[in-house]
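Welcome! Here are some short exercises to help you find your way around a new structure. Try each task yourself before you read the solution.

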Amino acid sequence: MTENTTDEASTVLLVGASGAVGRHLGLQLAAAGVRVRTLTRRADRARQQGYVHGDLRDPRSLRAAAHGVDAVFLRWPSTTAEGAAAAVAALAGEVRRVVLLSPAGGPAAPTGEVEALLGRSGLPHTVLRPHGLAGDALRWAEEIRAGDAVRGYGGTAGLNLVDERDIAAVAVRALTEDGHDGARYVLTGPESPTQAEQVRIIGEAAGREVRWEEVPREAARHRMLSTGWPPALADGALDFIHARIAAPEPVTTTVQDVTGRPARPFRAWAADHAALFR
């Protein structure tokens, strides 16, 4: 763990502050005494304190938003890397470091290209690669509120979910300390509960019994397509779940190594969000 140098990185620009991680990161940075500047495309919101107008696809506005900033937290919002080269070039001329959120289980192409662009730019940067987010379990909230079972494929698949607050805590360190440049941090929780175990844990937190009800893969695929999933993404997600039945996702100690405290277990996340499932 590196010595904290928050005073040297006194202003951070958040790109993607409304996301699951960004919301917690803004709060944690403010609590650490770091000035936070949040990028927004909405002109009306930009007039509010703490917001600045800009767009990742408009290099001039991005450069203006990043002027005077020490570090940038970047979550690339698109499914393609279109415009990323110009965005990275704009940041490279203004800031000292970038922390990129690049989900390990998400679409690899856009964030992989952004990583490569950062590497070629010479801009010091750190990549955070979380496995599944604990908040992904909210996809079951409506089903759990309406009944006592969650229907899905791969109940015995062991998935590692990391609490968004822990990702934010690692990001705070990477944004405000020296010694993280060039790191590729794979972030996980302390365990890899199966999907069926996750549902049971949520039920216990909500104060009632909730069970997993297995459905065939094709039925799960049909349901995903009916809710708007592109076929290629649905197949990729189901392939991933299938692979985790035989080989649960591995656990890393990165959260503790970087922040000095262990990652929160899924049970803690479920307890803190139990009201959303009632």
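**Exercise 1. A charged pair across the chain**

Task: Find out whether R97 is buried or exposed, then look for its salt-bridge partner.

Solution, step by step:
- Start with R97: its relative accessible area is 4%, so this residue is buried. Keep in mind that you are looking at a predicted model.
- Next, look for the partner. The side chain of R97 meets that of D178 in a salt bridge, with 2.7 Å from N to O.
- Now place the two residues. R97 belongs to strand β5 and D178 to the loop between α7 and β10, so the bridge ties together parts 81 residues apart in sequence.
- Finally, check D178. Its relative accessibility is 31%, so D178 counts as partly exposed.

**Exercise 2. Two more salt bridges**

Task: The structure holds 18 salt bridges. Work out where the partners R200 and E204 lie, and do likewise for D235 and R221.

Solution, step by step:
- The closest N and O atoms of R200 and E204 are 3.1 Å apart.
- Both residues sit in helix α8 (residues 195–206), and because they are four residues apart, about one helical turn separates them.
- R200 has a relative accessible area of 37% and is partly exposed; E204, at 43%, is partly exposed too.
- For D235 and R221, the closest N and O atoms are 2.6 Å apart.
- D235 lies in helix α10 and R221 in helix α9 (residues 217–226), so this bridge ties together parts that are 14 residues apart in sequence.

**Exercise 3. A buried arginine**

Task: Which side chain of opposite charge is nearest to R244?

Solution, step by step:
- Locate R244 in helix α10 (residues 231–246).
- The nearest side chain of opposite charge is E249, 5.6 Å away. A salt bridge needs 4 Å or less, and R244, although buried, has none.
- See what else surrounds R244. Beyond residues up to four places away in sequence, R244 touches T156, A157, G158, L159 and E249.
- Lastly, look for a ring: R244 lies over the face of F240, 5.1 Å from the ring centre.

**Exercise 4. Classifying aromatic pairs**

Task: There are three aromatic pairs in the structure. Classify the pair W140 and W212, then the pair F266 and W269.

Solution, step by step:
- The ring centres of W140 and W212 are 5.9 Å apart and the planes stand at 75°, so the pair is edge-to-face.
- This pair links distant parts of the chain, 72 residues apart: W140 is in the loop between β7 (132–133) and α6 (141–146), and W212 is in strand β11 (residues 211–214).
- Both W140 and W212 are buried.
- F266 and W269 are stacked, with 5.6 Å between centres and 20° between planes.
- F266 and W269 are three residues apart in helix α12 (residues 266–272), about one turn of the helix.
- Together with F277, they form one aromatic cluster.

**Exercise 5. Inside the core**

Task: Which helix supplies the largest share of the largest nonpolar core?

Solution, step by step:
- This core has 27 residues, and those touching the most other members are L25, L29, F73, L128, I167 and L175.
- Several elements supply at least two residues each, including β1 (11–15), α1 (20–31) and α7 (164–176).
- The largest share, seven residues, comes from α7.
- Take L25 as an example: leaving aside neighbours within four places in sequence, its contacts are L14, F73, A168, A171, V172 and L175.
- Apart from this core lies another, of 25 residues, with L39, V69, L74 and L118 among them.

Terms used: Residues numbered from 1 in each chain as written. Predicted model: local features only at pLDDT ≥ 70, side-chain atom pairs only at ≥ 80, totals over all residues. Heavy atoms only, no water. Core = buried A, V, L, I, M, F, W, Y, C linked by side-chain atoms within 4.5 Å. Buried < 20%, exposed > 50% of the residue type's maximum accessible area, 1.4 Å probe, protein only. Contact = heavy atoms within 4.5 Å. Lys, Arg positive; Asp, Glu negative; His and termini not counted. Phe/Tyr/Trp six-rings, centres within 6.5 Å; stacked < 30°, edge-to-face > 60°. Lys NZ or Arg CZ within 6 Å of the ring centre and 35° of its normal.
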